[in-house]
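Q: Got a minute to walk through this one with me? I'd like to start with how the helices pack.

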Amino acid sequence: MRKKKAFLEKIQELKQNNLGISIRELSINGNKLFILYVSQLTDKNSISNNVIKPILQYSRKEKISIDVLFSTVLYVDNIATDQDENKMLDYILEGKSVILMPDEPHYIIANTIKVEKRNVDIPQMQTGLKLPQDSFNENFDSNLSLIRYRIKDPALRIDNLTIGKRTKTKVAVIYINDISNPKYVNEVKKRLEAISVDGIIESGYIQKFLLNNPFDLFPEIGIAERSDRACGGILSGKICILVEGSNFALTVPETISDFLDSGEEHYDNIYTSMFSKLLRIIALVSTLTLSSIYVMIISYHPEILPPQYILALASSRISVPVNSFVEAFIMEMVSELLREASIRLPKQIGPAIGIVGTIVIGQAAVGAGVVSPLMVIIIALSLLTSFSFSDFTIINPIRVLKFAILISTGIFGIFGFTMGLTIITILVLSTSSMGLPYGAPIAPFNFRDFVNFFLGDITLSKERPNYLRTKDKTRQ
Amino acid sequence: MKRIPDKFLCILTLTSLLTGCWDFQDINRRSVTISVGVDSVNNNAIEYSGENARMIPSQSTGNNSQSPQSSLGISTFSDVSGKTFEDARENYTLQTPFPDFLGAVRVLVFGKNFAQQGIEAYVNRINRIFGYRKSLPLVVSEQHPTEFLGTNVKNNISAGFSIESTLDHLHSEGTAVYPKIADIVSDMAFGNIGFVLPYVGKRNDSIVLLGYAVFKEEKMIDILDIQESKGLVYILGVNPLRVEAIHQPSKENNMLSTRTLLKKRKIITSYKNGKVNIEFKAKAEIQIQFLYNVEPLTDDDKKTLEDIITQRIKREIASFVIKSQKEYKSDIFGFAKYFRADNPNIYKKINWKDTYPDANFSVDIKSKVVNINLFDPNAKDFFKEQK
């Protein structure tokens, strides 16, 4: 009788709290029965056909009860019972339907969730020519299914956590038990469990919580938009983290070499792979240094160029009113503005930015004599090279550092440039991801890992990366 | 973010204050010097001349104006003189709108007067002052530098560029000696030896290498004609090359075009019975490029050809070395460096300047035809049958 009172009180409370919970009251042979659900989160077909219809059609002589409903009446595939009336609200808010009878001490939780979701779509960020097109979306189950579909190993572990006191966001830590190093798995779980925040809206929150230090400059957590990238990481011995409501999976631990890998190299010719990696390394360095090198040469050390180039350079800048540092700084700012604008603009008017950029920077600025033609080439190259990475998170710190090194070069010349590069190198090498050195396999150097990274060929990579210290070291 | 140690920051700050990078100036705000000429004029005054890059912005006007144009040209400066280098320099600075940029200087031209009076002071100056490249070539000009650098050349944008390009090209071809300022400074620091500088002039608005100016004790003592100076190139040049036409031994009315490369050159020195012995060894690789008339080339022809070329090279080298011993009494080849390396103790005891003119010199050249270019080697049997 105490339970009966508690359940009725709970229903009354839910009605008063105006939580948007639908309460359907049924009467079967004089026995009252309540179905509680949030209509926006519930599959109406499922609740009508698999819950309400079989209950209303109940015509057996046997007295209806929760046990009878559970075992012989309801058609729902995912069903459970519970006694705790305090958990009832949580179940309902998750999108499940609660079926209770005031006379019974326990109630049924039927999974009739229906969340509005996108279909499995093509990737928007990590695109390629020869890559699988199934990207993650915001649906947790859908994302899990993509991983399960690719890795059918019984050792695949999916450890579920709920993070966020108010959002109660589901987070899955996915790894292969007999491959991944338990040190990293435990570290990830420890850091996730330590999160005490009201809500997780996107995997970016988790990414921030997993950092060693919130002021760390370089991304220590990789992102995977495509399931093949996430699964590749899991097979290498990494840990994948899926967050409900996010279309990006996270992979840890991550090194700087992983950011130079677009994934496409693994499916392509070995020479193409090497060439692409080399190109990306050049692109990384170019993005960081091109405008600084320009300032360094124009203002401080023109003698390092052959004389014909010196004359051509001097001639091209003759009408530019500002010094090379100011010129480079302004142009870099303009190019960053264009980039920012092109990201925020709706797709329909996005191409307009390209036209504005071309006219403003390419022609008008040179025509007005505000900048030299070479500066425009440098800025265009700098911008172009920054787009050659599949994981944009690595390029964001580089964009900031580009300005730091530019200022340093503008003040100190080649000395400032060298010092800037030295400090950046120190920063990179002193960073770690879950305790793994960020510079691996280059620093600390491991020849086999370095060759495997550079070649990116599955037939030659007989072993998993040594720096990940996996349990199972061999791939084939 | 990792904490950068305080000591590192201190080092960074101190070094940045000491680098002198504060005095920067954009390249378009500097006076880019292309060449510098130095000569001695009336009353031993120093006269500077040279070429500067001239960049003139010109705003196009009218309906067709799209962008400001800038043009690049070369302007010359002359009649900048003073009693000392400093005076002349000051006079030059007074007429220059921008600070000097010397990193693009292509060549330093000495006038004959100045070369005869001695170039040591000026070489020391450009060796020590900041801005000049250490790979700057030095030449002596036939004409007065003001005249030499002041006119247009037809095969390059300026005389300075043309001199450097010509010498660089001849040097890489193995037909010229191309000393840089670092080499001359090294020779001067070594002492007891002479050196040569290219002697250039203007012919039909083109820069021509006319020969070499011979320097003893940093003063020009003679000018060698280019035709007489082959022996010099064989010893001092990089990959010396000799191209000539020789009569085919078995067919006197036919000519062979040959190309001979001197390889594996060695200078061996020794000291016996109070005399310095210098031996120059080399292998001459002869390539026969073509025959004026296509005729069979026999093994005897090749053997005779090897002998002829060996003798010619030997003669050219020996005569030139003897000239340096007897006429110049100056070791312009730098044999002293080899002798000092081989016999350091004896070198300390002897006076090289006095010993060199009496040194025994021998040349050992081994020639071989390595490439006949014209014939199918399988045709050998055919010639044997003919014999």
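**Helix packing and interfaces**

A: Sure: α10(A) and α15(A) make a right-handed crossing, where right-handed means that the near helix is turned clockwise from the far one by less than a right angle, and left-handed means anticlockwise. Helices here are DSSP runs of H or I with at least four residues, strands are E runs of at least two, and both are numbered from the N terminus.

Q: Before we go on, what sort of model is this?

A: This is a predicted model, where local features need pLDDT of at least 70, side-chain atom pairs count only at pLDDT 80 or more, and totals for chains, interfaces and linings use all residues. Residues are numbered from 1 along each chain as its sequence is written, chains are lettered from A and ligands numbered from 1 in the order in which they are written, and side-chain values use heavy atoms, leaving out hydrogens and water.

Q: OK, what's the angle between α10 and α15 of chain A?

A: About 15 degrees, with the axes of α10 (residues 270-300) and α15 9 Å apart. The axes are lines fitted to C-alpha atoms, for helices over the stretch in contact, and angles run from 0 to 180 degrees between N-to-C directions. α10(A) and α15(A) are therefore roughly parallel to each other; angles under 35 degrees count as roughly parallel, over 145 as roughly antiparallel, 65 to 115 as roughly perpendicular and the rest as oblique.

Q: Which residues of α10(A) and α15(A) meet?

A: On the α10(A) side they include A:Leu284, A:Leu288, A:Val295 and A:Tyr300, and on the α15(A) side A:Ile398, A:Lys402, A:Ile405 and A:Phe412 are among them. By class, that contact of α10(A) with α15(A) has twelve nonpolar, five polar and one charged. Nonpolar is Ala, Val, Leu, Ile, Met, Phe, Trp, Tyr, Cys and Pro, charged is Asp, Glu, Lys and Arg, and the others, Gly among them, are polar.

Q: And how does α15 of chain A pack with α16 of chain A?

A: Helix α15 (residues 395-412) and helix α16 (residues 414-430) of chain A pack at about 150 degrees, axes 6 Å apart. α15(A) and α16(A) are therefore roughly antiparallel. Residues making the contact include A:Leu401, A:Ile405 and A:Phe412 from α15(A), and A:Phe415, A:Gly420 and A:Ile424 from α16(A). Its class count is eight nonpolar, four polar and no charged residues.

Q: Switching topic: how many residues of chain A are in contact with chain B?

A: 35 residues of chain A, against 33 residues of chain B, with contact meaning heavy atoms within 4.5 Å. The buried area between the two chains is about 3000 Å², and carbon and sulfur atoms give 70% of that. Buried area is the accessible area (1.4 Å probe) that two parts lose on being put together, summed over both.

Q: Which three residues of chain A supply more of that area than any other three?

A: A:Leu311, A:Ile318 and A:Phe415, with 21% of the area that chain A buries against chain B.

Q: What about domains within chain B?

A: Chain B has domain 1 (27-58 + 69-226) and domain 2 (240-381), with bounds from an automatic or database domain assignment. Their C-alpha centres lie 33 Å apart, and about 1400 Å² is buried between them. B:Phe190, B:Asn192 and B:Leu224 lose the most area on the domain 1 side, together 39% of what that side buries.

Q: What's phi at B:Asn192?

A: Near 65 degrees, a positive value in a residue other than glycine. B:Asn192 is in the loop between α7 (181-190) and β7 (195-203) of chain B.

Q: Where are the cis peptide bonds you can point to?

A: One runs from A:Val252 to A:Pro253, omega near -10 degrees. Another joins A:Ala443 and A:Pro444, omega about 5 degrees.
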